[in-house]
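This report describes a protein chain together with its bound ligands. The sequence and the structure are shown first.

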Amino acid sequence: MNDCIFCKIINGEIPSNKVYEDELVYAFYDIAPAAPVHILIIPKEHFSGMNEASPAHQALLGHILLTAQKLAKDLGFAEDGYRIINNCGENAGQTVFHLHFHLLAGDQFDRLV
Ligand code: AMP
Ligand code: ZN
């Protein structure tokens, strides 16, 4: 996608503070952190959000969650705990329309559910 900021981050047109990358996903620190640790995990394939995911993305979506677990272990906050968030659409406040999961840690968070 030509005008997608996260696609530009993946291809290096926009700088990012990279945490992890493999053939399927890219992870980097959020520019406006909402927690002491705030990482975004995105697929390298562009699609705008969970509404556009299909059964063809099943393995990719699982890989994103396991990447979050790996980062939690590697960065040392797996035992203390962490939160994984996906905002889908207007009511959830999604602002960037390239699928992403927020990985938040380093604090005790208020319960949402
Ligand atoms: P959402 O509101 O769920 O769509 O999340 C989008 C997130 O992307 C927000 O937390 C922003 O702070 C973050 N963000 C936007 N632009 C950048 C950027 N250039 N680098 C890192 N994070 C960004
Ligand atoms: Zn994109």
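The sections below treat the metal site, the surroundings of the other ligand, the nonpolar cores and one residue near the end of the description. The model is predicted.

**The zinc site**

The zinc ion (ligand 2) is held by four protein donors, Cys4 (SG), Cys7 (SG), His46 (ND1) and His98 (ND1), which lie 2.0 to 2.3 Å from the ion. Along the chain these donors follow the spacing C-x2-C-x38-H-x51-H. The angles among the four donor atoms run from 104 to 118°, and the site is tetrahedral. For comparison, the ideal angle for four tetrahedral donors is 109.5 degrees.

Cysteine 4 and cysteine 7 are both buried. Histidine 98 is placed in the loop between S4 and S5. Histidine 98 counts as buried because its relative accessibility is 0%, and the cut-off for burial is under 20%. The side chains of histidine 98 and histidine 46 form a polar contact at 3.2 Å. Apart from residues up to four places away in sequence, histidine 98 touches Cys4, Phe6, Cys7, Ile10, Ile42, Pro43, Lys44, Glu45, His46, Phe47 and Ser48.

**Histidine 100 and ligand 1**

Histidine 100 is also found in the loop between strand S4 (82–85) and strand S5 (101–105). With a relative accessible area of 5%, histidine 100 is buried. Its side chain reaches the backbone oxygen of histidine 98 at 2.7 Å, and histidine 98 is itself a donor of the zinc ion (ligand 2). Beyond its neighbours within four places in sequence, histidine 100 is in contact with Phe6, Leu40, Ile41, Ile42, Ile85, Asn86 and Gln94.

There are 16 residues around ligand 1, and those that come nearest are Asp30, Asn87, Thr95, His100 and His102. The table lists polar distances between ligand 1 and the protein.

| Ligand 1 atom | Protein partner | Distance |
|---|---|---|
| Nitrogen | Isoleucine 31, polar backbone atom | 3.1 Å |
| Oxygen | Asparagine 87, side-chain N or O atom | 2.9 Å |
| Oxygen | Valine 96, polar backbone atom | 3.0 Å |

**Nonpolar cores**

The largest nonpolar core contains 18 residues, and Ile39, Ile41, Ile64, Leu71 and Leu103 have the most contacts inside it. Strand S2 (25–29), strand S3 (37–43), helix H2 (58–75) and S5 each give two or more residues to this core. H2 provides the largest share, six residues. A second, separate core has nine residues, among them Cys4, Phe6, Leu40 and Ile42. Of these, Phe6, Leu40 and Ile42 are also in contact with histidine 100, while Cys4 is one of the zinc donors.

In the largest core, isoleucine 39 is among the residues with the most contacts. Leaving out residues up to four places away in sequence, isoleucine 39 touches Val19, Ala27, Phe28, Tyr29, Asp30, Leu71, Leu75, Phe101, His102 and Leu103. Two of these partners, Asp30 and His102, are listed with the residues that come nearest to ligand 1.

**Phenylalanine 109**

Phenylalanine 109 lies in the segment after S5. Its relative accessible area is 23%, so phenylalanine 109 is partly exposed. Although phenylalanine 109 and alanine 35 are 74 residues apart along the chain, their C-alpha atoms are separated by 8.8 Å. Not counting residues up to four places away in sequence, phenylalanine 109 touches Ala35, Arg83 and Leu104.

Terms used
Residues numbered from 1 in each chain as written. Chains lettered and ligands numbered in written order. Predicted model: local features only at pLDDT ≥ 70, side-chain atom pairs only at ≥ 80, totals over all residues. Heavy atoms only, no water. Helix = DSSP H or I, 4+ residues; strand = E, 2+ residues; numbered from the N terminus. Buried < 20%, exposed > 50% of the residue type's maximum accessible area, 1.4 Å probe, protein only. Polar contact = N/O pair within 3.5 Å; in protein donor to acceptor, adjacent residues only side chain to side chain. Contact = heavy atoms within 4.5 Å. Donors = N, O, S within 2.8 Å, 3.2 Å for Na, K, Ca; no water. Tetrahedral: all angles 85-135°; square planar, octahedral: opposite > 155°, others 65-115°. Core = buried A, V, L, I, M, F, W, Y, C linked by side-chain atoms within 4.5 Å. Near = heavy atom within 4 Å.
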